[in-house]
Amino acid sequence: MESSNVGDGGAVVKRESDVEYESVGAAEGMNKGVLLSDADGAPHFAIRRFTLDPGASVPKHTNEVEHEQYVLDGAYTVGIGGDEYEVSAGDSLLIPAGAVHWYRNESEEAGAFLCAVPNGDDSIELVEE
């Protein structure tokens with residue numbers, strides 16, 4: 001991974017070609033790339049980019065940390081608590097720490113979103129149906 005420190009003050013520029021994507025364990029059809037994190041020198045937050053293939057779904061789960069998300073592409077369904085939301089490019093979401101949430105892409109195009117989370121440990125727990 002090649003991040004470039006730029007100028008004074010610890011600024012970092014990380015090129016798109018330096019971001020590696022990996023599949024997300026329990027979520028077939030979802031991939032994650034870490035754009036910036038503490039590994040790059042970001043002191044407080046990580047920004048990640050997720051893609052959600054057509055027909056993919058992510059099971060109900062919780063995280064110990066909050067998530068702020070911004071939908072980049074596509075349209076898909078997000079469940080948060082007992083509610084379902086249809087989201088599309090330009091929408092923003094706040095998923096509180098500990099909230100049960102899940103994703104489902106029933107469209108024929110991939111979805112993509114940015115997700116910002118605090119740096120540090122995050123425990124992910126799958127929720128039994």
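**Exercises on a sheet and its aromatic core**

Asn31 stands opposite Thr51, a residue of β5. The model is a predicted one, in which local features need pLDDT of at least 70 and side-chain atom pairs count only at pLDDT 80 or more, while totals for chains, interfaces and linings use all residues. Residues are numbered from 1 along each chain as its sequence is written, and side-chain values use heavy atoms, with hydrogens and water left out.

**Exercise 1.** Describe how β4 and β5 pair, and place them in their sheet.

*Solution.* Begin with the two strands, where a strand is a DSSP run of E with at least two residues, numbered from the N terminus. β4 and β5 pair in the antiparallel sense over six bridges, and pairing requires that DSSP finds at least two bridges between two strands. Next, turn to the open sheet of six strands, whose order is β3-β4-β5-β12-β7-β10 with antiparallel pairing. Finally, look at the edge strands, β3 (21-24) and β10, each of which pairs on one side only.

**Exercise 2.** Find the residues with the most contacts inside the largest nonpolar core, and the elements that give two or more residues to this core.

*Solution.* A nonpolar core is a set of buried Ala, Val, Leu, Ile, Met, Phe, Trp, Tyr and Cys residues joined through side-chain atoms within 4.5 Å, and buried means under 20% relative accessible area (1.4 Å probe, protein chains only). The largest such core has 20 residues, and those with the most contacts inside it are Met30, Leu52, Tyr76, Val78, Tyr103 and Phe113. The elements that give two or more residues to this core are β4 (27-36), β5 (45-52), β8 (75-80), β10 (92-95) and β12 (111-118). In soluble globular proteins, nonpolar side chains tend to be buried together.

**Exercise 3.** Work out how Phe113 pairs with Phe50 and with Tyr76.

*Solution.* Rings of Phe, Tyr and Trp (its six-membered ring) pair if their centres lie within 6.5 Å, and planes under 30 degrees apart count as stacked, over 60 as edge-to-face and the rest as tilted. The structure holds four aromatic pairs. Phe50 and Phe113 form a stacked one, with 5.1 Å centre to centre and 15 degrees between the planes. This pair links distant parts of the chain, since Phe50 lies in strand β5 and Phe113 in strand β12, 63 residues apart. Phe50 counts as buried because its relative accessibility is 7%, and Phe113 counts as buried because its value is 1%. Tyr76 and Phe113 form a tilted pair, 6.0 Å centre to centre with 40 degrees between the planes. As a last step, group the rings: Phe50, Tyr76, Tyr103 and Phe113 form one aromatic cluster.

Definitions and conventions: Buried means under 20% relative accessible area, exposed over 50%, partly exposed in between (1.4 Å probe, protein chains only). Helices (H or I, at least four residues) and strands (E, at least two) are DSSP runs, numbered from the N terminus.
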